[in-house]
Amino acid sequence: MFEGFVSCVRHAAAASENTYYVVCKDKKGIQLRECRSGVVLHVGEEVEAETDGTRISSAIIKENGGSREFYVESASQRAAELLIKRKYSDGNPIERITARMDSSLASAARLFLRKMLFGAPIIIRFHNDADGASGAYGLLKAIQCVNPSIAISGFPPVSWKMKRGVAYSANDAWEDILTSNNFESVEKPLLFIVDFGTSSESNPGIAAAREKFDIIWLDHHPLLNEFDGKELGHYINPWSFGGDSSYTAGMLACEFAKLFADIDFSEMENASMVGDYSEYSNNDEESRKLALLLDMLTSDKRVAINSSNQDINPNEIDQILNDKQKRLELTNYALTRLEEAIYLGINSIKRYKIPLANVYVLDFENVRANDSTIKYPLPGRYASKLLERLETMSDKPCILILHFGYFISIRVDKKLDESIDLSKIVSEMKSSYKEIEGAGGHRNAMSIKITPSANNRELINIILRELGCDIR
């Protein structure tokens, strides 16, 4: 016999197949019980129940329970107790920034843990690169670590969604709303976003989602005035705390996770920094290999897993990382395939010169045409890797413009930081040309999405002229 409060129901086609999340009084405090039931229960009911394994065999509804406030208060208190008090070193620049974010991260972590304790649906979206994937992986391991302290049985309903693109669109929001509509919950569902950028293209999605969800948004892209996400209650970005994009979103998610999981995330944190070319990265061989593997898996998981779906989730990443032989084979494949693609790119590139730099333009079709059906490497990350190689071959800093279909990716050598403001160039172009559907990125790396009717050659020529190239 146990006493509990029905906090969430995942509805199935038949009521007998519903999944119930019941918050129970326990000697540890309150804990979550995931179960099926032979009797129909409703959200908000306080019950005394008998169980047969993980199935409720009988239940008595407590007529005058009136204890919702008790459970909400108890869950909030329990969430606060689960937080780990951290100490930060003032001599470490990363830890200095993290210390400034500690209060905001702790507030978000308390919300996250309360959602877990109530079994509320949690949707975690992450960007499909090494940075976003490392953050999602850190969250997965932290949830696995803390769950035994939260759940008597089962696991809170967490959905993982990898995102291809630089914005949280209205379509993304409606998809997430449909996912959460399978649940009825005392608590609002939680939407958790990692590494999605700060473009105004996310504003319609934010507007649609904020009524349905509580939102935690961790990002590291430069803050733009027109971006509405920064007004969310749990929007956390190192730019607001004296940091910049070198403090990666993957690291931020891992630092968030450390507040309730005693896990060494240094491997993933460093992979996120290597993948995003952070000045804080420890650019060792193992970190480079892990970042490369994460990039490949988030480009197209079918190279590793027999699946009709390209998108990977952190559970699948975890299985691969724990299989030493498969991890080695896939890493070697990624290295070989990337090297082939860079060779093709260097032999297909067009060159321009300006006083400050060498400028290169590449049609990615010249690389992709030789590719198989597996979509690795993707154009954006490939552009960063190709620029890195060009820099070793050039007597000047380099700028790369890569185009593919409806996308243009621009990469600028960090040595040109004081001379070329790529974000300003792209922002001005975006306000002047209706053919630009969306744009986002960092000071040295931007991606532009154009309309199907746009002439990408014309837009590339405009970019070249803005950079000072003589285009006749």
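Guide: Buried means under 20% relative accessible area. This is a predicted model.

Visitor: Which residues of H9 are buried?

Guide: Helix H9 covers residues 314-321. Six of its eight residues are buried, so the helix is largely enclosed by the rest of the structure. The buried residues are Pro314, Glu316, Ile317, Asp318, Ile320 and Leu321.

Visitor: What covers the buried residues of H9?

Guide: The cover includes two strands, S6 (122-127) and S8 (158-163). Helices contribute as well. Among them are H3 (130-150), H7 (266-275), H8 (285-299) and H10 (324-346).

Visitor: At the start of H9, which backbone nitrogen does a side-chain oxygen of Asn313 reach?

Guide: The side-chain oxygen of Asn313 comes to within 2.9 Å of its partner. That partner is the backbone nitrogen of Asn315.

Visitor: Why is strand S11 largely enclosed by the rest of the structure?

Guide: Strand S11 spans residues 214-218. It is largely enclosed because of its buried residues, and these number four of the five.

Visitor: In which sense do S10 and S11 pair?

Guide: S10 takes in residues 190-194. Ile193 stands opposite Trp217 in S11. Helix H5 (residues 203-209) joins S10 and S11 in a right-handed β-α-β unit. Over five bridges, the sense of the S10 and S11 pairing is parallel.

Visitor: Which residue in S12 does Trp217 stand opposite?

Guide: S12 holds residues 234-236 and runs parallel to S11. Three bridges join these strands. Across from Trp217 in S12 stands Tyr235.

Technical notes:
Residues numbered from 1 in each chain as written. Predicted model: local features only at pLDDT ≥ 70, side-chain atom pairs only at ≥ 80, totals over all residues. Heavy atoms only, no water. Buried < 20%, exposed > 50% of the residue type's maximum accessible area, 1.4 Å probe, protein only. Pairing = 2+ DSSP bridges. Right-handed = clockwise from strand over helix to strand, strands pointing away. Contact = heavy atoms within 4.5 Å. Polar contact = N/O pair within 3.5 Å; in protein donor to acceptor, adjacent residues only side chain to side chain.
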